[in-house]
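Student: Could we go through this structure slowly, so that each label is set against the rule behind it?

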Amino acid sequence: MLPLEAPTDPAPARRPPLPAPVRKSGRSSRAVRLAGAVLVVAAIGWGAPKLWPKHRVEDVLTATASVGDLDIVVSDKGELESAESVQVMCEVEGGGKITTILPEGTPVKKGDVVARFDTDVLQKGINEQEVKWEQAEGKVKAAVSELEVQKNKAESEIAKAELARTLADIDLEAYQATQGEYQAELDKRKGTLEMGKKDLKEAEDALTFTRSMAKKGFAQLGQVRVMELTLEGKRYTVLQQEADLAVFTKYTKKRKMTELEAKAKDSVRDLERTVKSQAAATEKATNEVSAARKTAELEKRQLGRLKEQLGKCEVKAPGSGIVIYFKRIWDESSRIRPGAQVFFQQPIFSLPDLGRMNVKVKVHESVVKKVRPGLQTTMKIDALPGHVLHGKVVSVATLAQGDDWRGSGVKEYETVVSIADLPTDSGLRPGMSAEVKILAKTILGALTVPVQSVTESGGRHVCYVVTGADIERREVTIGDGSDQLVQVLEGLSVGERVALDARSRASGEADTGSSAQPDAAKDNKNKSAKPK
């Protein structure tokens, strides 16, 4: 037989039985009844919080731990942007001031005039170009003077190189001569070796004499030891001098000769380089004179080209589309409008392709590790209520966008999401808001509970599990989660019910001074009691 289920509404906790009243007469009986009533009220006041909890189990909102597939979704707001757009920049050299411009969002065709510049700015550029031409003429005169200086410098540098070559030849000859530096150094080292050998012979004779005196008792063994050490030192010195002489005769001469010969050859090459480099420098100075003259001529021609810029004061649309003007959120002065100053090569407007749209989302740094290119997405656009569009992640920025002009300090990564099923007649425009959900991954067979049933207390995650007529505080180990469910790795079983007010219960425990340590100690005790 199956066990009987507990009634849905358990009977309220019974009060402890009161003693049967003793009937007495008169004032004694009334005094006894009064004392008993006081005791009963005191007992009820003391035991009521324990006998009757504030909330019965059946009054607590609960959820059941269940197993299923858990979708990990990253949600955020984004803005629509065109996947492809043509950008038009200012081609007037020196920039200009806009006098007339079409309203933003105006549909245009190829060749339509979108904006016009003030021609006064161009005239100012012509005046400045005249100054540049005069400066170029002055550079011609300066280049002619530099050419004369370079010719004098070339003569001096070549003379220095010839002197260095002569000195290098003298050094080589002085070293390899019969009575030169090498022979003098060789004789010196040989003399030092002969002196060392003489000192070694004297030390050997002294040691032999001291040993004979020690045998006869006229010298101590300590003296013999000192003489032996002295002999070893002399012998080591001789060996070192012999090795030094061998290295000098075998390698030092060869190295020194190689070095001096190389210096002599290098001095010849240096002289050749100096002659060539000075000739090149002189040629360069000559070319600079020629270039300065040509530059002056080019600056003069530039005056004519500036007049051609008048045709570029009319900015025309390179294709069909709607006009979207360039702007910086943090810089109001950069907004394209009549009277705005536009610089050369500054973007003025773009013509986005409305048939191909993307969504640009700024993903917070806490969840960006879950996002990667290729993940499937769904999105809802505010301008298309009731429509769910699909796409995938195209790219995720490597560097964060943070510490912007607002000083918020939030680190966000710009993520581009494509739209696969964009309606052709949707009428969407760049800048419209969209809510994007990115499916990061799916955990198969995950044990999950609502996020409201888990809270953090004392650095650990806890749940409040319904066990019969009581609610037990239990530590759990959680895994990944979504905005509604969280995966429980340890601490819960399938089918257990958990309270949905975990945070308020943990706060209540903290306010009443109740600590999680006794429960943790109790759990550890129970775990230790289980067979391993």
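Tutor: What follows is a set of questions and answers about a predicted model.

Student: How is the protein chain built up, and how many helices and strands does it have?

Tutor: The protein chain has 6 helices and 21 strands. Buried residues account for 28% of its 532 residues, and the chain exposes about 35500 Å², of which carbon and sulfur atoms supply 54%. Where contacts join residues at least 6 apart in sequence, 77% of them link residues at least 24 apart.

Student: Why is Q487 called buried?

Tutor: The label requires a relative accessible area under 20%, and Q487 has 13% relative accessibility, so Q487 counts as buried. This residue lies in strand 20, which covers residues 485-490. Leaving aside residues up to four places away in sequence, Q487 touches L70, I443, A446, L447, T448, T477, I478, G479 and D480.

Student: What makes the aromatic pair of Y325 and F349 edge-to-face?

Tutor: Two conditions have to be checked, namely that the ring centres lie within 6.5 Å and that the planes are over 60 degrees apart. The count comes to 1 aromatic pair. In that pair the ring centres of Y325 and F349 are 6.4 Å apart and the planes stand at 80°, so both conditions hold and the pair is edge-to-face. The pair links distant parts of the chain, since Y325 belongs to strand 9 (residues 324-325) and F349 to strand 11 (residues 347-352), 24 residues apart.

Student: Are those two rings buried or exposed, and how do you know?

Tutor: The cut-off for buried is under 20% relative accessible area. Y325 has a relative accessible area of 7%, so Y325 is buried, and F349, at 1% relative accessibility, counts as buried as well.

Student: Why do strand 7 and strand 10 stand at the edges of their sheet?

Tutor: The sheet in question is an open one, in which 4 strands follow the order 7-6-4-10 with antiparallel pairing. Strand 7 (314-316) and strand 10 (341-342) each have a single partner strand, so one side of each is left without a neighbour in the sheet.

Student: How do you know that strand 6 pairs with strand 7, and also with strand 4?

Tutor: Pairing calls for at least two bridges between two strands. Strand 6 (residues 113-117) is joined to strand 7 by 3 bridges and runs antiparallel to it, so that requirement is met. Within this pairing A115 stands opposite V315, while V113 has K316 as its bridge partner. Strand 4 (residues 96-101) is likewise joined to strand 6 by 3 bridges in the antiparallel sense, and there the bridge partner of T100 is R116.

Student: Which strands pair with strand 13, and over how many bridges?

Tutor: Strand 13 pairs with strand 14 (residues 389-396) over 4 bridges in the antiparallel sense, and 5 bridges join strand 13 to strand 16 (residues 433-450), again antiparallel. Both counts satisfy the requirement of at least two bridges. In strand 14 the bridge partner of Q376 is K392, whereas in strand 16 the bridge partner of K380 is E435.

Student: What makes the two faces of strand 13 distinct in terms of burial?

Tutor: Side chains alternate along strand 13 (residues 376-381), with T377, M379 and I381 pointing to one face and buried. Q376, T378 and K380 point to the other face and are not buried.

How values were computed
Residues numbered from 1 in each chain as written. Predicted model: local features only at pLDDT ≥ 70, side-chain atom pairs only at ≥ 80, totals over all residues. Heavy atoms only, no water. Buried < 20%, exposed > 50% of the residue type's maximum accessible area, 1.4 Å probe, protein only. Contact = heavy atoms within 4.5 Å. Areas by Shrake-Rupley, 256 points an atom, 1.4 Å probe, with all protein chains shown as cover. Phe/Tyr/Trp six-rings, centres within 6.5 Å; stacked < 30°, edge-to-face > 60°.
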